[in-house]
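This report describes the fold of a protein model, with attention to its sheet, its domains and its ligand shell. The sequence and the structure are shown first.

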Amino acid sequence: MKQINVGIIGTGWCGGIRAQTCATNPLVKSLHLAETRPERLAEVAKATGAQTATADYQQILHNDSIDAVMISATPEVLHFPMARDALSSGKHVFLEKPIAIELHEADELISIARKNKLKFTIGYSQRFNPKFAYVKQCATDGTLGKPVSALVSRHIGRNLGKKITGRTKLSPAAMEATHDLDFILWCLEPAKPVRVYSQVNYGAMREASGADVPDTQYITVTMDSGVSFVICAGWSLPPAYPNFSMTWIEFVGTEGALVIDDTHRDTMLTTMKTGIVHPMSTMPGEFVEHTYAGPMAAETIHFIEAVACDRPVLVTAEQARQVMEVYLAADISAERNEPVNLPLPESRPLAAAGVAR
Ligand SMILES: NC(=O)c1ccc[n+]([C@@H]2O[C@H](COP(=O)([O-])OP(=O)(O)OC[C@H]3O[C@@H](n4cnc5c(N)ncnc54)[C@H](O)[C@@H]3O)[C@@H](O)[C@H]2O)c1
């Protein structure tokens with residue numbers, strides 16, 4: 001075990017949480033920030049006591065004393081070039097999802113990480129939600145018997161949907177369902193996905209923006225074990241809290257069934273100013289006094305420990321690539337109105353498959 005120096009690229013919502021988590025971790029010797037919005041850079045640098053702060057992320061990559069980099073910048077087209085540069089300069093990398101835009105980019109990142117013997121992981125934070133981890137445990141320790149089928153329905157608020165669709169053409173499959181695809185594929189390992197069918201559904205988002213943005217996307221995935229599962233992903237709920245999310249999980253096996261309510265209806269705050277809202281309901285979570293409600297702090301600490309103690313990362317880049325292949329197939333299926341078999345032909349550009357706006 002050794003103390004490490006950590007760089008964070010992009011200190012917006014998620015990068016801010018990661019920076020704050022690093023700042024109080026005894027395994028982190030020094031923190032270095034890169035952010036293009038000067039006021040946000042100054043704010044996070046002050047809050048975390050960062051050793052250096054810059055608008056140019058290359059300065060972090062050229063600093064030989066920095067061991068690991070967390071990439072939390074948007075838009076998502078930045079993920080590939082930033083991760084490629086970071087891995088090429090010998091940094092261990094934590095990269096927010098999506099791993100890349102195209103499959104061949106993901107392959108390049110995986111190959112650089114392997115060649116340089118670096119930790120490389122993707123931000124599938126929901127694996128660090130204890131309720132999700134419990135499903136994985138029951139799915140693999142025999143509690144539920146053999147897996148039969150699964151369902152995950154996730155919806156987020158319209159304001160967050162607008163933020164995401166304002167910066168990227170990626171679909172609900174690529175940006176929302178991606179977490180749940182990763183989660184169920186992880187629960188069903190070693191089975192592999194062989195077929196995907198998906199439909200997109202239009203409503204408020206298209207009416208509001210005039211752009212070709214669906215409200216929801218439904219995805220059915222068939223595995224080589226014969227199990228199939230359904231993921232429903234939406235981003236058009238009315239406001240219930242800033243960046244509200246709600247998730248419902250059903251996992252059915254031959255010996256049992258597990259139902260998880262992660263809809264965040266268990267906490268209700270009502271004030272004259274906001275009406276009824278549901279705090280602690282975002283996907284990454286939030287700091288609450290001395291503790292953290294949600295998965296992102298634990299996920300960040302896991303990466304710090306993986307680097308400092310030379311432990312394996314929970315989410316492998318190969319798994320993230322598999323998830324990417326499934327959501328690309330979902331987008332192709334929705335576009336063609338027909339099931340799509342896996343594996344996809346290598347390196348198919350997302351633009352050809354995505355829900356173009
Ligand atoms: N795991 C989760 O639960 C979860 C939740 C939300 C978002 N995400 C993912 O995390 C990523 C970040 O999302 P967010 O909501 O924090 O975004 P955000 O827009 O709030 O923050 C991104 C930041 O990157 C900065 N930036 C842009 N270009 C930069 C550059 N060249 N150098 C340095 N900084 C730069 C922006 O100024 C901004 O502050 C997204 O890719 C998203 O997919 C994950």
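Which residue in E12 is the bridge partner of Trp 248? In this predicted model, Trp 248 is matched with Asp 261 of E12. The pair belongs to the contact between E11 and E12, two antiparallel strands joined by six bridges. The connection between E11 and E12 is a hairpin of three residues.

**Confidence**

The mean pLDDT of the protein is 95, and 97% of its residues reach 70 or more. Over residues 347-357, however, the pLDDT is below 50, and this stretch has 30 contacts in the model beyond near neighbours in sequence.

**The sheet**

E11 and E12 belong to an open, mixed sheet of seven strands, ordered E12-E11-E7-E10-E9-E8-E17. Strand E12 (257-262) and strand E17 (340-341) form the edges; each has a single partner strand, so one side of each lacks a neighbour in the sheet. Strands of a sheet pair through backbone hydrogen bonds, in either the parallel or the antiparallel sense. Four of the pairings are set out below.

| Strand pair | Sense | Bridges |
|---|---|---|
| E11 and E12 | antiparallel | six bridges |
| E7 and E11 | antiparallel | nine bridges |
| E7 and E10 | parallel | eight bridges |
| E9 and E10 | antiparallel | seven bridges |

Individual residues mark the register of these pairings. Ser 149 stands opposite Val 252 in E11. Arg 154 has Ala 233 of E10 as its bridge partner. Between strand E9 (residues 216-223) and strand E10 (residues 228-237), which pair in the antiparallel sense, Ile 219 faces Ile 231 in E10.

Two helices can be placed against these strands. Helix H8 (residues 172-188) packs on the sheet and touches E7, strand E8 (193-201), E9, E10 and E11. The direction of H8 makes about 150 degrees with that of E10. Helix H6 (residues 130-140) lies across strand E7 (147-157), strand E11 (245-253) and E12. With respect to E12, helix H6 runs at about 175 degrees.

**The two domains**

The domain assignment divides the protein into domain 1 (4-124) and domain 2 (126-298 + 319-341). Taken over C-alpha atoms, the centres of domain 1 and domain 2 are 25 Å apart. Their contact takes 15 residues from domain 1 and 17 residues from domain 2. On the side of domain 1 that touches domain 2, H1 and helix H5 (103-115) each supply at least two residues. H1 gives the most to this side of domain 1, with four residues. By class, the residues of the side of domain 1 that touches domain 2 comprise ten nonpolar, three polar and two charged.

**The ligand shell**

Helix H1 (residues 13-23) also appears in the shell around the ligand, where it provides the largest share, three residues. How many residues surround the ligand, and which come nearest? There are 24 residues around the ligand, and Gly 10, Gly 12, Trp 13, Cys 14 and Glu 96 come nearest. The shell holds nine nonpolar, nine polar and six charged residues.

In summary, H1 contributes the most residues to the side of domain 1 that touches domain 2, and H1 also gives the largest share of the shell around the ligand.

Technical notes:
Residues numbered from 1 in each chain as written. Predicted model: local features only at pLDDT ≥ 70, side-chain atom pairs only at ≥ 80, totals over all residues. Pairing = 2+ DSSP bridges. Contact = placed C-beta atoms within 7 Å. Axes fitted to C-alpha atoms, helices over the stretch in contact; angles between N-to-C directions. Near = placed C-beta within 6 Å. Nonpolar A, V, L, I, M, F, W, Y, C, P; charged D, E, K, R; others polar. Domains from an automatic or database assignment. pLDDT = per-residue confidence, 0-100.
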